[in-house]
Number of protein chains: 2
Amino acid sequence: MIRLSAMQKKVYEYLRDHFRKTGVLPDLADLARTLGMHYVSLKQHLEALHKKGYLTFESRGRGRSPILALPANATGIPVLGSIPAGPLSEAISFAEGYLPLAGLQGDHFALWVQGDSMADLIQDDDVVLFEKRPPYRSGEICAVRVQDSDVTLKYLDDLGEGRYVLRPHNPDYPAVETSAAELTIEGVYLGLLRGDAFRSLIQSVE
Amino acid sequence: MIRLSAMQKKVYEYLRDHFRKTGVLPDLADLARTLGMHYVSLKQHLEALHKKGYLTFESRGRGRSPILALPANATGIPVLGSIPAGPLSEAISFAEGYLPLAGLQGDHFALWVQGDSMADLIQDDDVVLFEKRPPYRSGEICAVRVQDSDVTLKYLDDLGEGRYVLRPHNPDYPAVETSAAELTIEGVYLGLLRGDAFRSLIQSVE
DNA sequence: AGTATCACTACGAAAAGTGTAGTGGAGAAA
DNA sequence: TTTCTCCACTACACTTTTCGTAGTGATACT
């Protein structure tokens, strides 16, 4: 992303936070008052942010409110296609789309699941939501990576002393024991989305 | 609902259809031009519709666009609490909330599932989406009612000659054979929503 | 019949907010 | 230095929304 000036950053962050809190964007006049600047100055910042790709700002002509919108990747939860191979932080740059979920506190992401190792609980083609944090208790479903392999979805049983078992829900797959040194926990299971109708909720990056 | 005048109905239906098609509401000035009336006349209709509870229309002071919104029940998919006992058409009046899903063609509803007869595929507390139509093929998951009992969720196998089998996914429950005369098919399974985070998508009726 | 009231429809003028143009200073980059 | 970007302001034209005003038709009361 292109570098922002101090004022531009302030405007952008205020807009983003306001949207996360309230779900809507503020009036431009109110916003200018809040930030202590004139309407026209604010407009210039918004135009600069638009040019730099941080948001959408389109005038509709005199006297009509402009179209102001934050892109999905500023407010939504990234949906990562199939199973990403590399580090998750890099995969987020190539997200397939974003889920507009309001009111979430932590750091979240979603995976478009391929494979049936957690069937019938989680099926092939489900979109599964995760929170980026270590599990609070043994036996939670986690998105994990063993050594440098792909991310997989398994129950994570803590045996103590740095030993773990990755346990699939589908009995056709074997459980695998591993150590903390080999294990990267990418996130903890929160819920899922199944079916084409719900998939329309995912906003693709324009 | 309170009766509407011809003009009020025209305005309301145009707004509803426009929202269903585009996902946004039109400009009031454009709308007035489209409907062939003055802005102020349109405003009076909108105020009447607001007073009658068909939509939300709130002024924000001179020169500022008023807040215009259709209630969730005009555009969303009703989510019916637990398992409704009576006819589904009546239960929709007491919906727990609405799912804002755009771009769906048919007639849909969602059930907040209680019970585990379809576990592990569908679990207790999942929100399951249905389309109101007969199944296209045997073996689809359907929301069905046998005689006058509650709605249940089962695979529906068509044996031919008006005989059907209601088959649970959970092997702890028995399959039940029944006849077309006793059977009411309320809808066909489309997908589901699981987890608290996604449940925040459901808009409650204000 | 006559009158009062209410809902619906409609238009003109004023108030408040928005968009554009132009000016200018401070600071960084070439 | 020159050039560019960022930032701020004034002034004015324009649009949207509101307020005030008015006519019509239905219903109910005197």
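## Where the chains meet

Two residues count as in contact if their C-beta atoms, placed from the backbone, lie within 7 Å. By that yardstick, 18 residues of chain A touch 18 residues of chain B. On the chain A side, β11 (183-194) and α6 (196-199) each give two or more residues, and β11(A) gives the most, with 5. Helices (H or I, at least four residues) and strands (E, at least two) are DSSP runs, numbered from the N terminus.

This is a predicted model, where local features need pLDDT of at least 70 and side-chain atom pairs count only at pLDDT 80 or more, while totals for chains, interfaces and linings use all residues. Residues are numbered from 1 along each chain as its sequence is written, with chains lettered from A and ligands numbered from 1 in the order in which they are written.

## A shared strand pairing

β11(A) and β11 (residues 183-194) of chain B pair up antiparallel, over 3 bridges; pairing here takes at least two DSSP bridges between the strands. Look for A:Arg194, whose bridge partner in β11(B) is B:Leu192.

## Around DNA strand D

Now for the DNA: 26 residues surround strand D, and the closest are A:Ser5, A:Met7, A:Gly63, B:Ser59 and B:Ser65. "Near" means that a residue's C-beta atom, placed from the backbone, lies within 6 Å of the strand.

Both chains chip in at least two residues per element: α1 (6-22) and α3 (39-51) from chain A, plus α2 (28-35) and α3 (39-51) from chain B. The top contributor is α3(A), with 5 residues.
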